[in-house]
Amino acid sequence: MDIFRTKSVEQSVRDTEAPEHRLRKRLTAIDLTVFGIGVIVGTGIFVLTGRVAKETAGPAVAFSFVVAGIVCGLAALCYAELASTIPVAGSAYTFSLATLGEFPAWVIGWDLMLEMALAAAVVAVGWSGYFASLMSSIGLELPAWMAGDAPVVNLPAMIIVLILTGVLTAGIKLSSRVNLVIVTIKVAVILLVIVAGLFFVKAANYSPFIPAPVPTPGVEGLKAPLIQVLFGITPVAFGVIGIFSAAAIVFFAFIGFDIVATAAEETIEPQRDLPRGIIGSLVICTALYVAVSVVVVGMQRYDQLSEKAPLADAFTAVGQPWAAALISIGAIAGLTTVVMILMLGQSRVLFAMCRDGLLPRGLAKVHPKFGTPARLTIIIGLVAAALSGFISLGALAELVNIGTLFAFVVVSAGVIILRRTRPDLPRAFRTPLVPVLPILSVLACIYLMLNLPVETWLRFVIWMIIGAALYFVYGYRHSRVEVPSPKG
């Protein structure tokens, strides 16, 4: 059994030309950048900044965002090279199929399925909470059975998922326009909050900028970080070590830039625009995160920040409660685009896997009018709606983190492999300092993975075992990787 058979870049590109599997090229560098901002900037900017400042890094949390941004930047440079070299839907799955082989590619595709579908459902639940809060603030209380802390069915979450499913089915350009409008609202709210907050910053709140390190209570059992179990390292809050510990946490606020690569096949000039979209969105979001973190710790002492809504409560503490409603609007706008683009990325990964025969190939047909994988989009929307409406997802949310980091590791390694196996390929963008930079990216991502709890690793391993079984039962037997293209 040749489970490591690869699919040539040329065959991957030829497969995109089949009429029934051809996606329409409608996206520009601006569209891709806005997609990236839309999926990266969510509630993390309103919640995570203050929480990490209070518990782990102090006012130096801005440095933590810079460190996390650098780690993501290493992976982004690797994504940029592969996306511009292999401008085909599927992102890390497609890259792995061209470099590591079919079974590793299946593993990555199965991993991305976990990352994106689960994340979309988790974020939709968060959207529902903010929406219910906003309705309550204007005097419209939603019934507890549909929007309480433990609803019978989370109706707002299901409705927003189904609405966005309709938008995604109707076309990639419509999706990009809707995303542009909502991202504009979201960024405008964030910039307004930053500018308004500057008027209430006190220099005394930045002292000490790097608080003295203190040991944190050891987390025991399956909830302990894997690195602590393996090496007996006691977690430390604050100090220089606290900055890096915080970076491992705030890293997850950056998750999503890789989804830009899933739209490669629908980009008008992918060789030029994909690197711009991936790197541009990451740079803009890093700047926004750093600015918000500097403002929030300047408005209120880091040890007095609230954990649930630090930014909103910081404005309340300085006598400006109007900001709470504004921040809720920004959060709702932020989460709307996150849900939409996660489902977009999921549909394109599954589209590539179905087109290769690893999943039922009939699902990869493109809608004749809309030019989108409508069947897959609707299926993903229904699954995400069901998950968000009926299942408690809190305990599974960290699986999104480990799944993303695992994909980053594979993509970074793929750059080195493809440079060795196909040095002849034209590369519109070249990752600098190969192999040093990709190796640094791999090591940084593995370090962050080791900071995740043992129970998250166990769930991840179980999910991968299920995926491996499905590959050998169905995927390997139906694969078209070695079947010549009709034009080949």
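How do the residues of the lining of the largest cavity divide into nonpolar, polar and charged? Hold that thought; a quick introduction comes before it.

What you have in front of you is a predicted model, in which local features need pLDDT of at least 70 and side-chain atom pairs count only at pLDDT 80 or more, while totals for chains, interfaces and linings use all residues. Residues are numbered from 1 along each chain as its sequence is written, and side-chain values use heavy atoms, with hydrogens and water left out.

Okay, the overall picture. The protein chain has 18 helices and two strands; those are DSSP runs, H or I of at least four residues for a helix and E of at least two for a strand, numbered from the N terminus. Its radius of gyration is 22 Å, close to the 23 Å that the globule rule gives for 488 residues, so the chain is as compact as a globular protein of that length. (The radius is taken over C-alpha atoms, and the rule is 2.2 Å times the number of residues to the power 0.38.) Along the principal axes, the C-alpha atoms fill a box of roughly 70 × 50 × 40 Å.

Of the 488 residues, 59% count as buried, and buried here is under 20% relative accessible area, exposed is over 50%, and partly exposed is in between, with a 1.4 Å probe and protein chains only. As for contacts, meaning heavy atoms within 4.5 Å, residues 24 or more positions apart account for 84% of those with a separation of 6 or more.

Now back to that cavity. Searching the whole structure turns up one cavity of 30 Å³ or more, and the largest cavity has a volume of about 50 Å³. On a 1 Å grid over the protein atoms alone, a cavity is a set of points where a 1.4 Å probe fits but cannot get out; a pocket is an open set with protein on both sides within 12 Å along at least five of seven lines, and lining residues have an atom within 4 Å of a point. Points are joined across faces, edges and corners, and a volume is the space filled by probe spheres set on them.

So here's the split for the lining of the largest cavity: four nonpolar, two polar and three charged. In that scheme Ala, Val, Leu, Ile, Met, Phe, Trp, Tyr, Cys and Pro are nonpolar, Asp, Glu, Lys and Arg are charged, and the others, Gly among them, are polar. The lining residues are K7, S12, V88, A89, Y93, T94, A352, R355 and D356, with α5 and α14 each supplying at least two.

Let's stay with α5, residues 92-99. Eight of its eight residues are buried, including Y93 and T94, the pair we just met in the cavity lining. S91 sits in the loop between α4 (61-85) and α5. Its phi is positive, about 55 degrees, although it is not a glycine. Most residues other than glycine have a negative phi. S91 is buried too, at 2% relative accessible area. Just after α5, G101 takes a positive phi of about 120 degrees.

Next, the second largest pocket, with about 410 Å³ of space. It has 23 lining residues, and M113, L114, A117, V383 and W463 are the closest to its centre. The elements giving two or more residues to this lining are α6 (102-137), α14 (322-355), α15 (374-390) and α18 (454-478). The lining is 21 nonpolar, one polar and one charged.

What about the largest nonpolar core? A core is a set of buried Ala, Val, Leu, Ile, Met, Phe, Trp, Tyr and Cys residues joined through side-chain atoms within 4.5 Å. This one has 157 residues, and Y79, F251, F257 and M343 touch the most other members. Beyond four places in sequence, M343 is in contact with A120, V161, L164, T165, L168, I380, G381 and A384.

Last stop, the loops. Between α16 (398-421) and α17 (436-450) we find P435, joined to V434 by a cis peptide bond with omega about 10 degrees. L433 is in the loop between α16 and α17, with a positive phi near 55 degrees. Is L433 buried or exposed? At 64% relative accessibility, L433 counts as exposed.

The other cis bond to point out joins S207 and P208, with omega about -5 degrees. P208 is in the loop between α9 (172-198) and β1 (214-215).
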